[in-house]
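The exercises below ask you to read a model step by step, from a single loop residue to strands, a helix and aromatic rings. Try each task on the structure before you turn to its solution.

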Amino acid sequence: MRRRSTWQAFLIALATTLFLSAMHPARMRAAEPVEHGFPLDAGRIVFLGDSITHAGRYIAEIELRLREAGVEPLPELINLGLPSETASGLSEPGHPFPRPCIHTRLDAALEQSRPDVVVLCYGMNDGIYFPFSEERFATYRDGMDRLIAKCQAAGAEVILLTPPPFDPLPIAAKLRKEGEGEFGFKYMFADYDDVLAKYAESVLARRDDVRMVIDIRTPIVQYVAQMRETDPQFTHAGDGVHPNAAGHHLIAAAILAAWGIEPAGDMDEAAFRLVMERQTVLHDAWLSHVGHERPGMKAGLPLDEANQRAANLDQQIVEHLRQSSKPQPQ
């Protein structure tokens, strides 16, 4: 795809900020620590999901905004997302390896991380990029049932995220309609987002089964529609699947709003880079510590070493935010 100019990037960022401001009116940043309810009163929040969660950007933004809002004690946010993963255990023909399934590592993940809250985001891979099938849909729902029950049995409250949307626009060459051949990650069903819409509806219907359900799909769909009024080629996901920075920003904003946090002002990019580095170190270490069946993943540091590096980065983050919050000389 053609790279956008700095001016175009600025306009997109500005539009994102204005769009989110319209959805969630900003409040002043807390100057002192303030009390918060669920889930910010939890000691440890674990995120389970596929490559979208694995990327970690929305989790890092959540952590930064919680720090800025004065949430104390800060919950420990652990990213255990794994690329290619499903809740259903399904895998399409032609995939380089059988897709990993969360159920093969769930017991270890819960036992090792001992979460107070688990945030689950599955669905993007569970339809395996095929047209809608009642059988595949039932397998996904059953996988989610078992996943929720296991987390709750381990003593964790569960928060569900809808899968984000699929965008066919930027990947026209990879799309097929029914009758044009096999489907999968190489050649995706052109109307796969209609499949994901059904999966998202099934997640929203579980409000009585879990502590919280958060719709991350709708804000992205609305934002993309708004942006395409002036830029018909705009996308939140260059490969149709994985949200870009603006997409992760919308996911983080939806979660923060559900958790009662309304960020004030632009995100501190220097602080975000430090938080993202800290999250990445811990994510890689935790994935290796828990174990998984996906090939091609680099090993993380031993958990003790990763925690030490994270503690050093934490000090840098705290100092940076302290310095940036000081009144500037006139």
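## Exercise 1: Two residues of one loop

Pro 96 is found in the loop between S2 and H4, in a model that is predicted. Glu 85 lies in the loop between S2 and H4 as well, where S2 covers residues 76-79 and H4 covers 106-113. Decide for Pro 96 whether it is buried or exposed, and do the same for Glu 85.

**Solution.** Step one is to take the relative accessibility of Pro 96, which is 60%. Exposed means over 50%, so Pro 96 counts as exposed. Step two is to take Glu 85, whose relative accessibility is 1%; buried means under 20%, and therefore Glu 85 counts as buried. Step three is to look for the surroundings of Glu 85: leaving aside residues up to four places away in sequence, Glu 85 touches Gly 49, Asp 50, Pro 100, Cys 101, Ile 102, Arg 105, Tyr 122 and Asn 125. Step four returns to Pro 96, whose C-alpha atom is separated by 9.7 Å from that of Pro 295, although the two positions lie 199 residues apart along the chain when counted as a separation in sequence.

## Exercise 2: The strands around S1

Work out how strand S1 (residues 44-49) is enclosed, and which strands pair with S1.

**Solution.** Begin with burial: six of the six residues of S1 are buried, so this strand is largely enclosed by the rest of the structure. Next, sort the side chains by direction, which puts Arg 44, Val 46 and Leu 48 one way and Ile 45, Phe 47 and Gly 49 the other way, all of them buried. Then follow the pairing, in which S1 and S2 run in the parallel sense over four bridges, with Asn 79 of S2 as the bridge partner of Phe 47. S1 also pairs in the parallel sense with strand S3 (residues 117-121), over five bridges, and here Leu 48 stands opposite Leu 120. Finally, step from S3 to S4, since four bridges join these parallel strands and Val 119 has Ile 159 of S4 as its bridge partner. Four of the five residues of S4 are buried, so S4 too is largely enclosed by the rest of the structure.

## Exercise 3: The span and cover of H6

Compare the expected span of helix H6 with the distance between its end C-alpha atoms, and then establish what covers its buried residues.

**Solution.** The expected span is 1.5 Å times one less than the number of residues, so for the 13 residues of H6 the helix should span 18 Å. The end C-alpha atoms of H6 are 19 Å apart, which agrees. As for burial, the buried residues in H6 are Tyr 192, Asp 193, Val 195, Leu 196, Ala 197, Tyr 199, Ala 200, Ser 202 and Val 203. The elements that cover them include helix H5, strand S4 (157-161), strand S6 (188-189), strand S7 (212-214) and helix H7 (217-227).

## Exercise 4: Aromatic rings

Classify the ring pairs Tyr 140 with Tyr 199 and Phe 183 with Phe 189, and find where charged groups sit over rings.

**Solution.** Rings pair if their centres lie within 6.5 Å, and by this rule the count comes to nine aromatic pairs. For Tyr 140 and Tyr 199 the centres are 4.6 Å apart and the planes stand at 25°, so the pair is stacked, given that planes under 30 degrees apart count as stacked. This pair links distant parts of the chain, with Tyr 140 in H5 (residues 134-153) and Tyr 199 in H6 (residues 192-204), 59 residues apart. Tyr 140 is buried at a relative accessible area of 1%, and Tyr 199 is buried with a value of 1%.

For Phe 183 and Phe 189 the centres are 5.7 Å apart and the planes at 85°, so the pair is edge-to-face; both residues are buried. The next step is to widen the view, whereupon Phe 132, Phe 137, Tyr 140 and Tyr 199 form one aromatic cluster. Over the ring of Phe 132 sits the charged end of Lys 198, 5.2 Å from the ring centre. Elsewhere, Arg 211 lies over the face of Phe 38, at 4.0 Å from the ring centre.

Definitions and conventions
Residues numbered from 1 in each chain as written. Predicted model: local features only at pLDDT ≥ 70, side-chain atom pairs only at ≥ 80, totals over all residues. Heavy atoms only, no water. Phe/Tyr/Trp six-rings, centres within 6.5 Å; stacked < 30°, edge-to-face > 60°. Buried < 20%, exposed > 50% of the residue type's maximum accessible area, 1.4 Å probe, protein only. Lys NZ or Arg CZ within 6 Å of the ring centre and 35° of its normal. Contact = heavy atoms within 4.5 Å. Pairing = 2+ DSSP bridges.
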